[in-house]
Amino acid sequence: METPQQMSGKSAFDYFIDEKIKTGWNLGDTLDAHEKRISCETLWDNPKANHVLFSGVKKAGFDIVRIPVTWMGHFGGAPDFLIEESFLQRVEEVTGYAQKAGLKVIINMHHDGMTESPKKNSGWHSINRARKSKKGYDEVTRTFMQLWKQIARYFKNHGDWLFFEPMNEIHDGHWGNDENGELNVTQNLKKQFEIINKWNQVFTDTVRETGGNNSERFLVIPGYCTVAEYTTSFLKLPKDSALDKQVVTFHYYDPYEFSIEGSQSKWGSVQDRKKVDRGFTPFRKKFIDKKIPVIIGESGAVLQLHPDDKEKEEIARKSRLDYISFVYNKAKEYKLVPFYWDCGAVTGGGEKFGLFNRRNGKPNSPESDRIIKAMTGY
């Protein structure tokens, strides 16, 4: 895009209010899909993204979409780490589908930092490598900076409907837990917290230095592994040459046993609901009251299928609707903007988060339609 699009000049907080951005959706398992360190749009059984899908998402009542992007396999070696022009063009094409449908858009760097275990790193954006030595930190950071410099330059003329997010759920293999398998808001993960804060600063400086509309683009800032407790306790917002252009993000899949694993079929007790409230409350004082918008960049609950226990399956389906209704309403009560994680899947052995038919943009079932309406209010 050669001609710069007009920017609103608004603060991020006012932009969310004025543009009525209340509910978001993820194009999951698509541009972020990868295998053997190479991303490919259709690897994880979803069709290529199309304009009909985004039109359907907008019609369903969503205001903004997050388009996860994995860049592995599409850039060269040091020192320039040049990104393939064709891949940048495809990312732009997909964001264009969303923008033309009337949606705001977030793009990020998604599974480049995928860490499957503390001893195995499948992505180049490794916090384990970065925390073990200065050389490791410098090498990972150099790649991170060079990639964001290219991405930012490529999209520098796009309007402020396009947001940048530096990374996704970066962790050391313990998924945000300490080595004992527990969330730990002490200093046991101090090095990890420090590196994430440094990378957020590198990202901010790199984007701003590319100029154009990037000098005032909205930037989405995550905490360590996007864990809520770490975000409110240890995230230090980067120093930014642009005032009031930052958006904080965290992810919410709590309890894991219900929302992702599917081993817990019932949700909705008084304690369950109080836990959601406790998780969201700190964001008000820490960010919202300071007019810093907060998004829940991923959230949702899997479809549970129990073919040998229909009663259990019915309980799980009802609990899923109750959970999503409560979490999304509570988020909006606290002025948080929740995004649903839609991976497209409704069958198979993996996580079944799919709500839309990716080919026609319509809800994939009456149940999905009810869940969508519970999130958007339509």
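Ala, Val, Leu, Ile, Met, Phe, Trp, Tyr, Cys and Pro count here as nonpolar, Asp, Glu, Lys and Arg as charged, and the others, Gly among them, as polar. The views below show a predicted model.

**Figure 1. The whole chain holds 11 helices and 12 strands.** The radius of gyration is 20 Å, and the globule rule gives 21 Å for 378 residues, so the chain is as compact as a globular protein of that length. Along the principal axes, the C-alpha atoms fill a box of roughly 60 × 45 × 45 Å.

**Figure 2. The largest cavity has a volume of about 30 Å³.** The count for the model is 1 cavity of 30 Å³ or more. Its lining includes the run M167, N168, E169 and I170. I196, P222, G223, C225 and T226 also line this cavity. By class, the lining divides into 5 nonpolar, 3 polar and 1 charged residue. E169 is the charged one, since Glu counts as charged. N168, G223 and T226 fall in the polar class.

**Figure 3. The second largest pocket encloses about 290 Å³ of space.** The lining comprises 13 residues. F16, I17, I21, K335 and V337 are the closest to the pocket centre. Two elements, α1 (12–18) and β12 (336–342), give two or more residues to the lining. Helix α1 gives the most, with 3 residues. The lining has 9 nonpolar and 4 charged residues, and no polar ones.

**Figure 4. Helices α5 and α6 cross at roughly 35°.** Helix α5 spans residues 134–154, and helix α6 spans residues 190–209. Their axes come within 9 Å. The crossing is right-handed. On the α5 side, the contact is made by Y137, V140, T141, F144, M145, W148, K149 and A152. On the α6 side, I195, K198, W199, V202, F203, T206 and V207 meet them. This contact has 11 nonpolar, 2 polar and 2 charged residues. The polar residues are T141 and T206, and the charged ones are K149 and K198. Each helix thus brings a Thr and a Lys to the contact. Aromatic side chains take part from both helices: F144 and W148 are among those in α5, and W199 and F203 are found in α6.

**Figure 5. A cis peptide bond joins A78 and P79.** Omega for this bond is near 5°. P79 sits in a loop, with β4 (64–67) before it and α3 (85–100) after it.

**Figure 6. The peptide bond from D254 to P255 is also cis.** Here omega is about 0°. P255 belongs to the loop between β10 (246–252) and α8 (256–261).

**Figure 7. K20 has a positive phi.** The angle is about 55°, although K20 is not a glycine. K20 lies in the loop that links α1 to β1 (24–27). Helix α1 is also an element of the pocket lining in Figure 3. I21, the next residue in number after K20, is one of those closest to the centre of that pocket.

Technical notes
Residues numbered from 1 in each chain as written. Predicted model: local features only at pLDDT ≥ 70, side-chain atom pairs only at ≥ 80, totals over all residues. Heavy atoms only, no water. Axes fitted to C-alpha atoms, helices over the stretch in contact; angles between N-to-C directions. Helix = DSSP H or I, 4+ residues; strand = E, 2+ residues; numbered from the N terminus. Left-handed = near helix turned anticlockwise from the far one by under 90°. Contact = heavy atoms within 4.5 Å. 1 Å grid on protein atoms, 1.4 Å probe; cavity = no way out; pocket = protein on both sides within 12 Å on 5 of 7 lines; lining within 4 Å. Points joined across faces, edges and corners; volume = space filled by probe spheres on them. Rg over C-alpha atoms; globule rule 2.2 N^0.38 Å.
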